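Trainee: Please put the model up. I would like to work through its strands, core and backbone.

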Amino acid sequence: MQDFPLKIVRQCCKIMKYRNWFVFFTIHMICFILHTTHTFATTIEAASCSLAHVQTAVSSAGRGDTVIVPAGSCKWAGTLSITKAIILQGAGAGRTIITSNFIPSTKVDGMGSGESLIFFKSSNIASDTNTNLRITGFTFDLNHKTSGILINNFSTTPLNKLRIDNNTFLNCYYGGTTSFNWYSTIMTYGTVYGVIHSNTFSSGVPHLTFMGWNDNTWNSRTYKYGGADNIFLEDNDITAETDPGFVPDVGTGASVVYRYNTFRLKFDAYTGVFSIHGNVGAQNVYAAMGGEHYGNRIISDYSNTIQTFELRGGMS
């Protein structure tokens, strides 16, 4: 060390001093950014599972916030309206139980807010396009009266991060007699992408409907197999007690990936498990863009032939 120039030693110490300050400053800036980002999202606890308390909590939430609904059993006499992308989280299926206790006065096939337990329509889709919209941890008893969850986005700006998972749906209601005249357990309408997974549909007629925005969808996107711009229906257990014509249904420019679901059929006739709509000229309805089907399991209690697919349009 005696032969090492003192001037060089001092210079190295000075460099190390600046370097330490740089590291110190960088670490603190990262912590500040992480803390600031974290504080943007807030958790709000509803006072109970009643519609009034949950609506109050949802209305007070900001985009990206989480609304916690406690355990309990509540009857809703109307629709929960959500206008921004949030996380709506129950205490778990079988613990937070919401039962439909009203019959809709009007039915407008998924576009209106008064026919379901939960209705989402963004007040600012540009802000919601890449914000998580998640509904998880509930039992929804539709009581053979209403639709379950309707997601509406009539815009070419997509809602990209829908997630509906780990819920149980009971006494699902169909009520339809003609095309586009039905109630849906889950329905997406417009430019909506995301995943519906790990749910149990255990009684009634669980009609699942996925619709685009007609020519607006066809003119604004290009279909890609397995792309993020799909609805993924996966790892669900779906029981249909009577024949709705089909359980999952896709049309008007939408596209769906059906994979790794179990379908349990409890009746002696079936006209199609999966339906991909073609053009319906009289109603100015465009075809679906396409769909993928793999890894699904279909279990029937009867020996009659099952029509698995009803493919009338798009790519599959």
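Mentor: We will go through burial, pairing, packing and backbone angles in turn. This is a predicted model, where local features need pLDDT of at least 70, side-chain atom pairs count only at pLDDT 80 or more, and totals for chains, interfaces and linings use all residues. Residues are numbered from 1 along each chain as its sequence is written, and side-chain values use heavy atoms, with hydrogens and water left out.

Trainee: How many residues of strand 14 are buried?

Mentor: Strands are DSSP runs of E, at least two residues, and helices are runs of H or I, at least four, each numbered from the N terminus. Buried means under 20% relative accessible area, exposed over 50%, and partly exposed in between, with a 1.4 Å probe and protein chains only. On one side of strand 14, Val192, Gly194 and Ile196 are buried, and on the other Tyr193, Val195 and His197 are too. The strand is largely enclosed by the rest of the structure, because the buried count is 6 of the 6.

Trainee: In strand 17, which residue is the bridge partner of isoleucine 196?

Mentor: Two strands pair if DSSP finds at least two bridges between them. Strand 14 runs parallel to strand 17 (residues 231-234), with 4 bridges. Strand 11 (residues 159-165) also pairs with strand 14 in the parallel sense, over 5 bridges, and there leucine 159 stands opposite valine 192. In strand 17, the partner of isoleucine 196 is leucine 233.

Trainee: Which helix gives the most residues to the largest nonpolar core?

Mentor: A nonpolar core is a set of buried Ala, Val, Leu, Ile, Met, Phe, Trp, Tyr and Cys residues joined through side-chain atoms within 4.5 Å. The largest has 57 residues, and those with the most contacts inside it include Trp76, Leu80 and Phe140. The element that gives the most, with 4 residues, is helix 2 (residues 51-60).

Trainee: Which residues of the second core can you name?

Mentor: This core is separate and has 8 residues. Its members include Tyr174, Met187, Val205 and Met211.

Trainee: What is the phi of histidine 144?

Mentor: Most residues other than glycine have a negative phi. Histidine 144 lies in the loop between strand 9 (139-141) and strand 10 (147-153). It is partly exposed, at 42% relative accessibility. Its phi is positive, about 55°.

Trainee: Serine 198 has a positive phi as well; near what value?

Mentor: Serine 198 sits in the loop between strand 14 (192-197) and strand 15 (200-201). It is partly exposed, with a relative accessible area of 30%. Its phi is near 60°.
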